[in-house]
Amino acid sequence: VLVFTRRRGEAVIIGDGIEVRVLRVGRDGVRLGVVAPVTTPVHRQEVHQQICEANRRAADPAAADPAHRAAVEARLKVRLP
Amino acid sequence: MTPTSVVSDTSPLDRLPGVAGAQTDREIVTFPHGLPGFEACKSFVVFTADAAPFQWLTSVEGPPASFLTVDPRVLLPSYRFALGPADLARLGAEEGSPLLWLAIVLVEANGTVTANLRAPIVINPTTMVGHQVMPQDCLYPLRHVVYTPTE
């Protein structure tokens, strides 16, 4: 782990073209500005974590088996509008 | 070496007995970043479930993982989701490009069916690139209840 001390207005540069700048330092939080290439995903960690967990819950490792798929689909019982 | 001799006999679809050949126009969708939690899964196929209008999104590379999905607008006709420039760039799409939207469906142990409307999967059929959108601020729930068993 690299540890930096940064003051308001200072930044770190990661790789090619990713900049993380301290915009404001408060008592309970630090406001960061991230400049990254448009194709680089940047997310709050907790949002990313929530979606990872939702995906893991929903992932079915056995759906290559048609009989298994049929069993899962039989549990849907959904009447859609 | 003739060109035909370099064609591999084993396509990724061979890993999916019962799926391969079920639909002739099936093609592989590339997810350059994988899916959150499934970063090693970069290639998927989409095929229609027997239970319409659901669709399966099945990994053909990396750990076996399939997701039951449905177009979120089938569940919620008013569903609206604005893709930002970063999402469009990742998909190789432009504003107004026709896109395939899929919400991941979960059948819970007690039979409750939910759909993840917060982080939909979006596929650009022109580039065959897909991406799961993770909005910073979203009104739609991660666990939208589609069906609750009554008994």
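I began with B:Ser59, whose side chain reaches the backbone oxygen of B:Glu61 at 2.7 Å. I note that the model is predicted. I placed B:Ser59 in strand 3 of chain B, residues 55–59. I then looked up its burial: B:Ser59 has a relative accessible area of 2% and is buried.

**Salt bridges.** I searched the whole structure and found 5 salt bridges over all chains. I followed up several of them.

In chain A, I examined A:Glu19 and A:Arg21, which form a salt bridge with their closest N and O atoms 3.1 Å apart. I recorded A:Glu19 as partly exposed at 21% relative accessible area, and A:Arg21 as partly exposed at 29%.

In chain B, I found the side chains of B:Asp71 and B:Arg73 joined in a salt bridge, at 3.2 Å from N to O. I noted a relative accessible area of 36% for B:Arg73, which is partly exposed.

I also looked up B:Asp87 and B:Arg90, a salt bridge with 3.5 Å between the closest N and O atoms. I located both residues in helix 2 of chain B (residues 85–91), where they are 3 residues apart, about one turn of the helix. I recorded B:Asp87 as buried at 13% and B:Arg90 as buried at 12%.

**Nonpolar patch.** I turned to the surface of chain A, where A:Val25, A:Val30, A:Leu32, A:Val34 and A:Val42 make a nonpolar patch of about 410 Å². I traced the largest share of this patch, 3 residues, to strand 3 of chain A, residues 30–35. I found A:Val30 in that strand, and its relative accessibility of 49% counts as partly exposed.

Technical notes: Residues numbered from 1 in each chain as written. Chains lettered and ligands numbered in written order. Predicted model: local features only at pLDDT ≥ 70, side-chain atom pairs only at ≥ 80, totals over all residues. Heavy atoms only, no water. Helix = DSSP H or I, 4+ residues; strand = E, 2+ residues; numbered from the N terminus. Buried < 20%, exposed > 50% of the residue type's maximum accessible area, 1.4 Å probe, protein only. Polar contact = N/O pair within 3.5 Å; in protein donor to acceptor, adjacent residues only side chain to side chain. Patch = residues over 30% accessible without salt bridge, like charges linked within 9 Å, V, L, I, M, F, W, Y side chains within 5 Å. Areas by Shrake-Rupley, 256 points an atom, 1.4 Å probe, with all protein chains shown as cover. Salt bridge = Lys/Arg side-chain N within 4 Å of Asp/Glu carboxyl O.
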